[in-house]
Amino acid sequence: MATTELLNITPLPMQVTPADWPGGYWWHWVFFTIVIIAFVLIMVMGAIYIERRGMARMQSRLGPNRTGPFGLLQPVADAVKVLLKENIVPATADKIVHWLAPIVAFAPVLMIFTVIPFQNGALLADLNIGILYIVAISSVATVGTFMAGWGSGNKYSLLGAMRNIAAVVSYEIPMVLAIVGVVMVSGSLSMNQIVAGQDIPYILMQPLGFLIFFIAACAEINRSPFDLMEADSELTAGFHTEYSGMKFAMFYLVEYAEAIAMSAIITTLFLSGWRGPLLPPWLWFIIKTFIVFFVMVWTRTTLPRVRIDQLMGLAWKFLFPLALINLFVTAIQVVVWPDISQWIFVIVNIAIAGALILLWSKFFKLGQGRIEV
Amino acid sequence: MKFERYGIGIIKGMAVTIKHLLRHPTVTQFPEQRLNISRRSRGNELVWSRERCTGCATCAKACPQGAIEIVTAANMDENKYEVEKYRVDTGYCIQCGLCVEACPYDALFLGYSYERAKYRRNELIQTDDELLENPERPASGYFHPEIAEKLPKQTLLIEKIVEKREK
């Protein structure tokens, strides 16, 4: 179905050297690198503000409102404070690993944004394997987390890092399977072409895939209710307990940059990216990213933290089989009925998603009780 | 078929949080806005009446912390005790109100104060005339219903919680 639609769209040529850029490719590279770094930093500030204020209002509080009008400068004040703080390295720490960990964690998050289109063709590198690149690169951040846990020389940090590895390795599978559904429908791995082919947002075409991807993404980046590796009440911030000053700031930045990156990926894959009426495309992209991030904050405020066995059970007993079934159903639809109107599949797929969730909730048992999904 | 188990529970919870997002927050901006204190509040200071006090030192005996020190002298001309020194260390006070309950002549009351942080411990000690009642330190209605009747009723509702502060 989508393959025929794709033929109508003229695919963007892979431009190694854009002709209209004076000086060739390097200007393009420098410009988008600066744009991406600025974008990530500004979006992280916005995200911190939305998270703290939104969460406060959901808990009947006001949130930070002392710094600047409506507390808008609070992230700036926090950043200044944290940068001026003393940098303490524990005596038992593995010094080099401890020092490298924040950088190893931060670099991949920035690299995710290289293939995310801000508007049609406006991206650092229009890789034809864009989404595969994201899947590959986003896992590297976990290495940074584990280095932090190991290098701290603290058993609780190591415990947090171990939990993180377990969660990321488990949730990678349903996440990738959910992505494959989208890739099959759109018929391309390039992020720009996935957006270009999305006449109907894939959240409607792939409702089950969206749910699986959203839950898996929340677990990937360790946001509540899956924030086991930070678990304030058990591990006191887990892997970054021993970090202070600038290095802690890096981890804090990574946490929110990852959330923004995942929101941007969800926007691109499921919410038709930069496409939208009236407003300029890049603004649509930012608005949609923030909406997805708000839903993440919303779930974080609502749901309590799961146990480690519930976390694993949810990944392997619930999300993984559903992702496989979703993949199978999508494959049949793409291969057998390529020419039917996509709106039929929208209705069919939403019905299938509802039925499957009901059915699996019936089957899904964990220990003595039943996890409420 | 209980639908709580099929994801409805999560949706209900999400509805609750979004309702809280849209309603007005229930906090006070403390230094600028204050809730009205209960008129029977047991504050961290004593209000003492020199006229009514006979120097019997029942309050000092009742105090579990030994925070009250009273020194009296016999006035032979008028045939009565006279209080030479009345000294309360509010650093020791646990605001139990036993001294107020013990006083047989209604000469002792609790105050309203709850922000009496000081830099030095001896600044917490109040003596003689510092303990007298004045408009800044009114007597609380604790154990004295006749005072409580006259005080304004307590309410936890302040006019409106706003973000703007008075500069």
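This is a short conversation about how to read some features of a two-chain predicted model.

Colleague: Before we start, what should I know about numbering and confidence?

Modeller: Residues count from 1 along each chain as its sequence is written, and chains are lettered from A, with ligands numbered from 1, in the order in which they are written. As this is a predicted model, local features need pLDDT of at least 70 and side-chain atom pairs count only at pLDDT 80 or more, while totals for chains, interfaces and linings use all residues.

Colleague: Okay. How many helices and strands does chain A have?

Modeller: Helices and strands here are DSSP runs, numbered from the N terminus: H or I over at least four residues for a helix, E over at least two for a strand. Chain A has 15 helices and zero strands. Chain B mixes the two, with four helices and five strands, in the order α-β-α-β-β-α-β-β-α along the sequence.

Colleague: And how much of each chain is buried?

Modeller: A residue is buried if 20 or more other C-beta atoms lie within 10 Å of its own, exposed if 12 or fewer, and partly exposed in between, with C-beta atoms placed from the backbone. In chain A, 42% of the 373 residues are buried; in chain B, 19% of the 167 residues are.

Colleague: How do I check the length of a helix, say α14 of chain A?

Modeller: The expected span is 1.5 Å times one less than the number of residues. For α14(A), residues 308–336, the 29 residues should span 42 Å, and the end C-alpha atoms are 41 Å apart, so the two agree. There is a kink of about 35° at A:L319, shortly before the proline A:P321; the bend is the angle between axes fitted to the seven residues ending there and the seven starting there.

Colleague: Which way do its residues point, and what do the buried ones pack against?

Modeller: An α-helix has 3.6 residues a turn, so residues three or four places apart point the same way. In α14(A), the buried residues include A:L311, A:L314, A:A315, A:F318, A:L322 and A:N326. The buried residues of α14(A) pack against α7, α10 and α15 of chain A.

Colleague: What about α2 of chain A, and what span should it have?

Modeller: The 34 residues of α2(A), 25–58, should span 50 Å; the end C-alpha atoms are 47 Å apart, which agrees. Its buried residues, among them A:V40, A:M43, A:V44 and A:A47, pack against α3, α4, α12 and α13 of chain A, together with α1 of chain B. Right after the helix comes A:S60, with a positive phi near 60°.

Colleague: Where is the largest nonpolar core, and which helix gives the largest share?

Modeller: A nonpolar core is a set of buried Ala, Val, Leu, Ile, Met, Phe, Trp, Tyr and Cys residues joined through C-beta atoms within 7 Å. The largest has 87 residues, and A:F213, A:A216, A:I260 and A:I266 have the most contacts inside it. Helix α12(A), residues 245–270, gives the largest share, 16 residues. A second, separate core of 22 residues includes B:L46, B:C53, B:C93 and B:F109.

Colleague: Which residues is A:I260 in contact with?

Modeller: Two residues are in contact if their C-beta atoms, placed from the backbone, lie within 7 Å. Setting aside neighbours within four places in sequence, A:I260 is in contact with A:V40, A:M43, A:V44, A:A47, A:T289 and A:F293.

Colleague: How do α12 and α13 of chain A pack?

Modeller: Two packed helices are described by the angle between their axes and the distance between the axes. Axes are lines fitted to C-alpha atoms, for helices over the stretch in contact, with angles from 0 to 180 degrees between N-to-C directions. Here the angle is about 115° and the axes are 8 Å apart. Residues making the contact include A:I260 and A:I266 of α12(A), and A:T289 and A:F293 of α13(A).

Colleague: Last one: what is phi for B:A57 and B:N79?

Modeller: Most residues other than glycine have a negative phi. Phi of B:A57 is positive, near 65°, and this residue sits in the loop between β1 and α2 of chain B. B:A57 counts as partly exposed because it has 17 C-beta neighbours inside 10 Å. B:N79 also has a positive phi, about 55°, in the loop between β2 and β3 of chain B. With 7 other C-beta atoms within 10 Å, B:N79 is exposed.
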